[in-house]
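Here are my notes for your reading of this structure, set out as numbered points. Please keep the model open beside you as you go through them.

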Amino acid sequence: MLPKLDGSLLRGQAEPMTHCTPSTFATLLAPMTEEEFFRDYHGKKPLHIKGGATKFKGACNWEAVSTLVSQNGIWSAASLELALEGKKLDPAAYCRPGLDRDNRTNQLVDLEAVRHYLQRGASLVLNDVTSLTPGIADIARTLGDNFGANVQTNLYCSWQSWQGFSTHFDLHDVWAVHLEGRKEWNIYSKHFTNPIPHPRFRGLGSDFHKAHHGPVTAKVMLEPGDLLYIPRGWYHDALAQSEATMHLSFGVTPVIGLDVISQLFESAIEHDDLRADLPLQIGRAHV
């Protein structure tokens, strides 16, 4: 259903939410085993796991999202985003200057403007919602502990026949936990090997992505309780196939080799000898 605006920003089937979510990596993957995952999928190719409607029932629901989003003054252009017809909307379209909860001037979300764009079919994105519910926090903690990684959790709501985001790849592994409705994901043949958050990859525009994502190699229909793993660098997009859909996206960013090099560089700054000039012979050879 499209968002109902009578007293609530958006609403689906409001049901009581219980704190019941997978609390270990093994239960998150079930019925697949950890051995199978690391042998055949981790960093190699996407994976779809059917989970059953109750698997992630305690993570989040429409009532929790509606209650939170409807609170004035806590959402800014950085924490709430709207996307329509494959592009993120300019925050100026739905934000206004105001004082945030820290009494600082910020671009705060105008809820009436958000309602307007949701009625037009915009997708809603809530960023950094790891602490929104105990269930979401459990899943994020499980992934972070298992991979020794930073985890950012975003929540996505979208509606039938409207595509929020164009075909793209992410700079981190994506674990999509599907909560409400049905959404079809397209996985494409072309991908980058181990892209990282660097201008080399962040600066690629939509024309580049259109020319390089290749044909669709898999179509995955996600339903409540399903899990989709997409390694970083794999092109994908998604389109809602029911009246209202909701999923969580856990972006998992482990430590990489370049992080070690950066840390060594920072440590080297403290050593007098490493800050000294190189011998002239070496210096001239590198000019």
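1. Before turning to the loops, it helps to know that helices (H or I, at least four residues) and strands (E, at least two) are DSSP runs, numbered from the N terminus. Please also bear in mind throughout that this is a predicted model.

2. With that naming in hand, look at Asp128, which is placed in the loop between strand S6 (123-126) and helix H5 (134-147). Its phi is near 55°, a positive value in a residue other than glycine. Most residues other than glycine have a negative phi. Is Asp128 buried or exposed? Because exposed means over 50% relative accessible area, Asp128, at 54% relative accessibility, counts as exposed.

3. A second residue deserves the same kind of check, namely Asn194, whose phi is near 50°, again a positive value in a residue other than glycine. Asn194 is found in the loop between strand S9 (183-191) and helix H6 (199-202), and with a relative accessible area of 47% it is partly exposed.

4. The backbone also holds a cis peptide bond, which joins Ala30 and Pro31 and has an omega of about 10°. Most peptide bonds are trans. Pro31 itself lies in the loop between helix H1 (25-29) and helix H2 (34-40).

5. Turning to the interior, the largest nonpolar core has 51 residues, and the members that touch the most others are Phe37, Leu80, Tyr94 and Trp175. Which residues is Phe37 in contact with, once its neighbours within four places in sequence are left aside? They are Phe25, Leu29, Met32, His42, Leu47, Phe147, Trp175 and Tyr229. There is also a second, separate core of 10 residues, among them Val174, Ala176, Val220 and Trp234.

6. Finally, consider the open sheet formed by three strands in the order S10-S9-S12, with antiparallel pairing. Strand S10 (216-222) and strand S12 (234-240) stand at the edges, and each has a single partner strand, so one side of each is left without a neighbour in the sheet. On average, and with direction ignored, neighbouring strands of this sheet are turned by 20° against each other.

7. The pairing of two of these strands can be followed residue by residue, since S9 and S10 pair in the antiparallel sense over six bridges. As one example to find in the model, Lys183 has Leu222 in S10 as its bridge partner. Strands of a sheet pair through backbone hydrogen bonds, either parallel or antiparallel.

Methods
Residues are numbered from 1 along each chain as its sequence is written. This is a predicted model: local features need pLDDT of at least 70, side-chain atom pairs count only at pLDDT 80 or more; totals for chains, interfaces and linings use all residues. Side-chain values use heavy atoms; hydrogens and water are left out. A nonpolar core is a set of buried Ala, Val, Leu, Ile, Met, Phe, Trp, Tyr and Cys residues joined through side-chain atoms within 4.5 Å. Buried means under 20% relative accessible area, exposed over 50%, partly exposed in between (1.4 Å probe, protein chains only). Contact means heavy atoms within 4.5 Å. Two strands pair if DSSP finds at least two bridges between them. Axes are lines fitted to C-alpha atoms, for helices over the stretch in contact, and angles run from 0 to 180 degrees between N-to-C directions.
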